[in-house]
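Q: I'm in my first year and still learning to read protein models. Could you pick one part of this one, look at it closely with me, and then follow the chain outwards from there?

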Amino acid sequence: MDVTGWAAASAPGKIILFGEHAVVYGEPSLSLAIDRRVRVRAAPDAAATTVNGERLDRHRHAYLDTALRLHWGDGPLKMRTESEVPSASGLGSSAALSVATTGLLLRLGHRPSRPANVAQAAFEVEYETQGAASPNDTTASTAGGAVLLSPEREAAMEPLWQLSRGERSWFAHRVPPPSLSFVIANTGSRARTSEMVAKVRRFVDSDPRGKKILQEIGRVTRDGVDALRSGDAARLGGLMDRNHELLHVLGVDSPVLQKFVEAARKVPGTWGAKLTGAGGGGSLIVLTEKPAGVQRALAGLGADAFPVVPSLRGLEMQP
Ligand code: PMV
């Protein structure tokens, strides 16, 4: 805590490079922390818990409320939050908020607050608040850099930690982060993650192609790890295109996403483009050596487009 009594933590947003939806069925996913962060500060307060000067509201501040309920028992706090991650855009703003808040609460409560502890505890916050979630977003936000989440321990990869929920467990691994730039474009519309997950469930249960598509996404994700390791942007972009086609067949693309993806691919210097996150709206990511050109093309179509670089910085706490 600093001299004014405030403790602080911050955590990054993320993009899913490969594997969304398939990760729900036990396939791996590969995510990248980005250089946009959520910051949370907290200090003891004599009266009542407040967020940015207002009384904590369990609907408006759902993630903070869950984090306090699960990981805090030491009296009222005044809390302040700031975010550079657009909310409800598939960029992991709620996970970053959960990670920063959980880290801070564990640290203030003198509980174990190593990244492995925070990743598990923040996953519980997301799960409890959303009703369902994989540990993908909270893991990437805690670790920073590039992270492969897999249901198995991957022998040739650097282990980070294990996460669990009931019978299920996941293993997080560190992948060397790429020195590549991406453009993110937010469509401005957003389907609920739970609805998109349910839509995929209906497809998988009723269409014999479903399981094969999920398995192929798993293979694309593993190939993506190879492409990332070798810094092969052209291969990485081709795999992003392929992952997008597979997500399209699963039914989580949208007309706006498709229009933006096609426009981005036409810009010279673009290696690949795909939706990122749950889909049905939300955001797409474009791997390109000409970020300004892609940003212009997408902004011309009405997208909120901005460049991001992968960030090695995961959860950070002061002191
Ligand atoms: O909506 P997002 O960006 O948090 O992505 C959800 C990713 C899914 O695989 C669709 C669901 C999950 O919990 O992994």
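A: We will start at the largest pocket and then visit some of the elements that line it, ending with a few other spots.

First, a word on how to read this: it is a predicted model, so local features need pLDDT of at least 70 and side-chain atom pairs count only at pLDDT 80 or more, while totals for chains, interfaces and linings use all residues. Residues are numbered from 1 along each chain as its sequence is written, and side-chain values use heavy atoms, with hydrogens and water left out.

The largest pocket has a volume of about 1,300 Å³. On a 1 Å grid over the protein atoms alone, a pocket is an open set of points where a 1.4 Å probe fits, with protein on both sides within 12 Å along at least five of seven lines. Grid points are joined across faces, edges and corners, and the volume is the space filled by probe spheres set on the points. Lining residues have an atom within 4 Å of a point. There are 49 of them here, and Tyr63, Ser94, Glu126, Gln130 and Thr193 lie nearest the centre. The lining divides into 19 nonpolar, 19 polar and eleven charged residues (Ala, Val, Leu, Ile, Met, Phe, Trp, Tyr, Cys and Pro are nonpolar, Asp, Glu, Lys and Arg charged, the others, Gly among them, polar).

Which elements take part? β1 (7-18), α1, β5 (77-83), α2, α3, α4 (136-143), β8 (168-175) and α5 (193-206) each supply at least two lining residues. Helices (H or I, at least four residues) and strands (E, at least two) are DSSP runs, numbered from the N terminus.

Let's take α1 (residues 62-71), where aspartate 65 and arginine 69 are about one helical turn apart because they sit four residues from each other. Their side chains meet in a salt bridge (4.0 Å, N to O); the term means a side-chain nitrogen of Lys or Arg within 4 Å of a carboxyl oxygen of Asp or Glu. Aspartate 65 is buried at 17% relative accessible area, whereas arginine 69 is exposed at 51%. Here buried means under 20%, exposed over 50%, and partly exposed in between (1.4 Å probe, protein chains only).

Next comes α2 (residues 93-108), which gives eight residues to the largest nonpolar core, the most of any element. Such a core is a set of buried Ala, Val, Leu, Ile, Met, Phe, Trp, Tyr and Cys residues joined through side-chain atoms within 4.5 Å. This one has 85 residues, and Leu17, Phe182 and Leu298 have the most contacts inside it. A second, separate core of ten residues includes Phe123, Ala143, Trp170 and Ala172. Back in the first core, leucine 17 has partners beyond four places in sequence that include Leu30, Phe182, Met240 and Ile285 (contact means heavy atoms within 4.5 Å).

In the loop between α2 and α3 you will find histidine 110, exposed at 74%. Its phi is near 55°, a positive value in a residue other than glycine. Most residues other than glycine have a negative phi. Further on, glutamine 120 lies in α3 (residues 115-130); this residue is buried at 16% and touches Gln162, Leu163 and Ser164, not counting residues up to four places away.

Now β8, which holds histidine 173. This histidine is buried at 0%, and its contacts beyond four places in sequence include Ala146, Ser150, Arg153 and Pro159. The C-alpha atoms of histidine 173 and serine 194 are 26 Å apart, with their positions 21 residues apart along the chain.

To finish, let's look at other spots. Threonine 221, in helix α6 (residues 209-229), is also buried at 0% and touches Phe18, Gly19, Pro28, Ser29, Leu30 and Leu148, again leaving out residues up to four places away. The model counts 13 salt bridges. One of these links arginine 313 and glutamate 316 (2.8 Å, N to O); the arginine is partly exposed at 39% and the glutamate partly exposed at 25%. Shared partners join Arg37, Arg313 and Glu316 into one network.
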